[in-house]
Amino acid sequence: MKREIDQIQMIPLMSVFTCEEITKFLNSGEFRIVAYKKNTVVHLEGEPCSKLEILMSGEVVVDRIDEDGNILSISRFREEEVLGGPLLFASDSDYILTVSAVQNTTLLEISKQCIFELCFSNRSFLEMYLQMISNHASLLGNKLKNHVERSLREKIFGFLQVQAHRQGLEKIELMESKKALAERFGVQRTSLSRELKKMKDEGLIDYDVKWIQILK
């Protein structure tokens, strides 16, 4: 239990609490540690959001499933990131997308009532919670703006430029599959492959299975 308590205290939103306070919350059931196996559903579309969840380990993905059964990954959440923060106190708090574990995942669950009480009793927690919600709203707004205004080619170039800077290489090593990249850009894998081929034919890029190089 001590390892879990230390891990919880390392989470930015939980850093305002002492080990003794976290132990008390766990013993009372106000905090719960819940494990999900890889490829299991955490939340279904239409399910009410009744608790705040913080990833202690693993990874979850937020998917949209269209009427033809195609799955489009909208966002991914990793260690120390929060699920349900902006949605918890919304007038319509139902999940509009499906949330699934893509790895064995452990979540810290905190009930809505507990969050409400903590916001009243702990000003530092309230400030961090409001900051988290504001940051999330700003990030979501930027994502939507970029998704709507940028073409697929612009998204590809933007991604490649960032990776080239990070890796410091002319030939950018691909860390993700084409399927994962297509999900990142919000398109089908066939659309990504078609655009990459056009860019290669136009002499803008060159690529192989494991790398891509910007030529122009």
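**Note on the predicted model: helix packing, cores and the three-stranded sheet**

1. I156 is found in helix α5, and this residue is a convenient place to begin reading the structure, which is a predicted model. At 2% relative accessibility, I156 counts as buried, because the limit for that class is under 20% relative accessible area. Leaving aside neighbours within four places in sequence, I156 is in contact with F185, L192, E195, L196 and M199. For one of these partners, M199, the C-alpha atom is separated from that of I156 by 10.0 Å, with the two residues 43 apart along the chain.

2. The setting of α5 can be described next. Helix α5 covers residues 152-167 and packs against helix α6, residues 178-185, at an angle of about 115 degrees, with an axis separation of 11 Å. That angle makes α5 roughly perpendicular to α6, and the crossing of these two helices is right-handed. On the α5 side the residues that meet the partner helix are L152, K155, I156 and F159, and on the α6 side they are L181, R184 and F185.

3. Is E195 buried or exposed? The place of this residue is in helix α7, and at 13% relative accessibility E195 counts as buried, since the cut-off is under 20%. When neighbours within four places in sequence are left aside, the contacts of E195 are with L152, R153 and I156. The contact between E195 and I156 therefore appears from either residue, as the list for I156 also includes E195, and I156 itself counts as buried at 2% relative accessibility.

4. Helix α7 also has a relation to strands. This helix, residues 189-201, lies across β10 and β11, and runs at about 120 degrees to β10. The two strands belong to an open sheet of three strands in the order β9-β11-β10, with antiparallel pairing. The edge strands are β9 (171-173) and β10 (205-207), each of which pairs on one side only. Neighbouring strands of this sheet are turned against each other by 25 degrees on average, with direction ignored.

5. The pairings within the sheet can be followed residue by residue. β9 is joined by three bridges to β11, which covers residues 211-214, and these two strands run antiparallel; K171 stands opposite Q213 in β11, while I172 has I212 of β11 as its bridge partner. Three bridges also join β10 to β11, again in antiparallel fashion, and here the bridge partner of I205 is I214 in β11. A hairpin of three residues connects β10 to β11.

6. Where does the largest nonpolar core have its most connected residues? This core has 38 residues, and those with the most contacts inside it are M14, F31, L52, I54, I110, F125 and Y129. Of these, L52 touches L13, V82, L83, G84, G85, L88, L108, E109, I110, I115 and Y129, not counting residues up to four places away in sequence. Apart from this core lies another, of 17 residues, among them L152, I156, F159 and F185. Those four residues are also among the ones through which α5 and α6 meet. In soluble globular proteins, nonpolar side chains tend to be buried together.

7. A further helix pair involves the N-terminal part of the numbering. Helix α1 (residues 2-10) packs against helix α2 (residues 19-28) at an angle of about 115 degrees, the axes being 10 Å apart. That makes α1 roughly perpendicular to α2, and α1 passes α2 in a right-handed crossing. I5, D6, I8 and Q9 of α1 meet C19, I22, T23 and L26 of α2.

8. E21 is found in α2 and is partly exposed, with a relative accessible area of 33%, because that value falls between the limits of 20% and 50%. The C-alpha atoms of E21 and I5 are separated by 9.8 Å, and the two residues are 16 apart along the chain.

9. For the protein chain as a whole, there are seven helices and 11 strands. Of its 216 residues, 38% count as buried. Among contacts between residues at least 6 apart in sequence, 68% join residues at least 24 apart.

Key: Residues numbered from 1 in each chain as written. Predicted model: local features only at pLDDT ≥ 70, side-chain atom pairs only at ≥ 80, totals over all residues. Heavy atoms only, no water. Pairing = 2+ DSSP bridges. Axes fitted to C-alpha atoms, helices over the stretch in contact; angles between N-to-C directions. Contact = heavy atoms within 4.5 Å. Core = buried A, V, L, I, M, F, W, Y, C linked by side-chain atoms within 4.5 Å. Buried < 20%, exposed > 50% of the residue type's maximum accessible area, 1.4 Å probe, protein only. Parallel < 35°, antiparallel > 145°, perpendicular 65-115°, else oblique. Left-handed = near helix turned anticlockwise from the far one by under 90°.
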